[in-house]
Amino acid sequence: MSRRSPEAEPIPALVTTTEALAALCERLRQESFVTVDTEFMRERTYWPELCVIQLGGERETAVVDALAPDLDLAPLGALLADPEVVKVFHAARQDVEIFLLKFDAVPAPLFDTQVAAMVAGFGDQVSYDQLCRSLANAQIDKAHRFSDWAARPLSASQIAYAAADVTHLRRIYVALRERLEREGRLEWVGEEMAVLDRPETYRVDPETAWERLRPRTTNRRFLGLLQAAAAWREREAQRINIPRQRLVKDETLLELAATGPENPADLARARGISEGFAKGRSGAGLIAAIKAAKALPDSALPEAPKDRGGPSPSPALVALLKVLLAAKSEEHHVAPKLLANSEDLDRLATEADPDLPALHGWRREVFGEAALALKAGKVALGVEGRRIRLIAAR
């Protein structure tokens, strides 16, 4: 991310020593909030390589060279853990994952401007570029969007590019917070950000990695082999620090779960598996994991994803609920994704009393009550001017 403000900004400091970082963090701990961003490399590794950290307070901005020799990031850890300073990110997940790996803690308290912008009516997963234009009056500088942030020395233009992120983020945060306070929606943001506060949000459990592949089968033996192969891939990718897809692709894992190779020759027949891999340490580990899964009793095999069963939802009713969702989103200036997703609408259409976020708290007030009334035939959808309106059924 990087943007350039139309206003002149002081030249940001480049922090390369522990002493300078400690002094910077001590000053920032006197602020009410600090904006945070990172630049990292991950194309060829499993773990992100942190290269640059950008920090912005209300009165200063700095760029930290995370690869500087002998730099101790402990003062930054103390700042990120300070409960008196709000840590502001945009699309925080990747940045927070990095800090969780570094400090074994999620920065807190945390404020994500992407989430806040969804609550404020800027749409689903609004981009930083859009918020810069809308709230910071900033034009986007794309010069270093694809920089090699691990290369040293950092150029003056790279430093300015990186610093601009947290400069604009400062303005965006202030504008969003004022808007949400005025509209009484800060509590809504807090509910949405709760998931970002939990360490388990960022940590992959190898034993559940297979679920992301969404296998279309209820064969528990197949699922057991897939679980074992996917768990092995996750641990092995972490061990040798390589992206999981570069180690073994998803489609190859599905093939291995179906064929259950017993030896290197069998393994080498799978798509994407070389003979060298099959005969090496990684291949031996994968074969061992599959063999162990074959020996499991039926009781130890994973359960197939539960089919909710029952009749399929009426496409017409789901279509009406989608229209209602869009109308309520427009009326209340909130992103549709925050109210309900496609699965929620299917369940609303088929289940009498589904336990959904859309039927609790502020979502029920904004959308859920109207959805239940529409489903029960108590209201209908009509058009008034250019907007969809609810009409009491006769």
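## Helix α13 and what covers it

In this predicted model, the buried residues of helix α13 are covered by elements that include α8 (220-240), α10 (250-259), α11 (264-268) and α12 (275-279). Helix α13 itself comprises residues 281-294. Its buried residues are S282, G283, L286, I287, A289, I290 and A293. They lie on the same side of α13, because they cover an arc of only 160° around the axis.

The length of α13 can be checked with a simple calculation. At 1.5 Å a residue, its 14 residues should span 20 Å. The end C-alpha atoms of α13 are 20 Å apart, so the model agrees with the expected value.

## The annotated HRDC span

An unreviewed UniProt entry places the feature "domain: HRDC" at residues 219-300. In the model, 72% of the span 219-300 is helix and 0% is strand. The C-alpha atoms at the two ends of these residues lie 13 Å apart.

## Strand β4 and its partners

Strand β4 is formed by residues 49-56 and is mostly covered, with seven of its eight residues buried. Strand β3 (residues 33-41) runs antiparallel to β4, and seven bridges join the two. Strand β5 (residues 61-65) also runs antiparallel to β4, to which it is joined by five bridges. The connection from β4 to β5 is a hairpin of four residues.

Residue V52 of β4 illustrates both pairings. Opposite V52 stands E39, while in β5 the bridge partner of V52 is D65.

## Two loop residues and their contacts

R185 is located in the loop between α6 (156-183) and α7 (186-193). Is R185 buried or exposed? Its relative accessibility is 9%, and therefore R185 counts as buried, since the cut-off for a buried residue is under 20%. Residues up to four places away in sequence aside, R185 touches V119, L180, H332, H333 and V334.

G123 belongs to the loop between α4 (113-119) and α5 (128-135). When neighbours within four places in sequence are left aside, G123 is in contact with A117, M118 and A335. The C-alpha atoms of G123 and L135 are 14 Å apart in space, and these residues are twelve apart in sequence.

## Backbone exceptions

Most residues other than glycine have a negative phi, and most peptide bonds are trans. Several places in this chain depart from that pattern. The peptide bond joining A108 and P109 is cis, with an omega of about -10°; P109 lies in the loop between α3 (93-103) and β7 (110-112). A cis bond also leads from R152 to P153, with omega near 5°. P153 is found in the loop between β8 (139-140) and α6.

Two residues that are not glycine have a positive phi: for D104 the value is about 60°, and for N241 it is near 55°. D104 is placed in the loop between α3 and β7, and because its relative accessibility is 57%, it counts as exposed. N241 lies in the loop between α8 and α9 (244-247). With a relative accessible area of 30%, N241 is partly exposed.

## The chain as a whole

The protein chain contains 17 helices and ten strands. Along its principal axes, its C-alpha trace spans about 70 × 65 × 35 Å. Of its 394 residues, 47% count as buried. Among contacts between residues at least 6 apart in sequence, 65% join residues at least 24 apart.

## Confidence in the model

The mean pLDDT of the protein chain is 93, and 96% of its residues reach 70 or more. Over residues 1-7, however, the pLDDT is below 50. Beyond near neighbours in sequence, that stretch has 35 contacts in the model. Where pLDDT is low, the predicted coordinates should not be read in detail.

Conventions:
Residues numbered from 1 in each chain as written. Predicted model: local features only at pLDDT ≥ 70, side-chain atom pairs only at ≥ 80, totals over all residues. Heavy atoms only, no water. Buried < 20%, exposed > 50% of the residue type's maximum accessible area, 1.4 Å probe, protein only. Pairing = 2+ DSSP bridges. UniProt positions renumbered as here; feature names shortened; annotations may be inferred. Expected span 1.5 Å × (residues − 1). Arc of directions from axis to C-beta. Contact = heavy atoms within 4.5 Å. pLDDT = per-residue confidence, 0-100.
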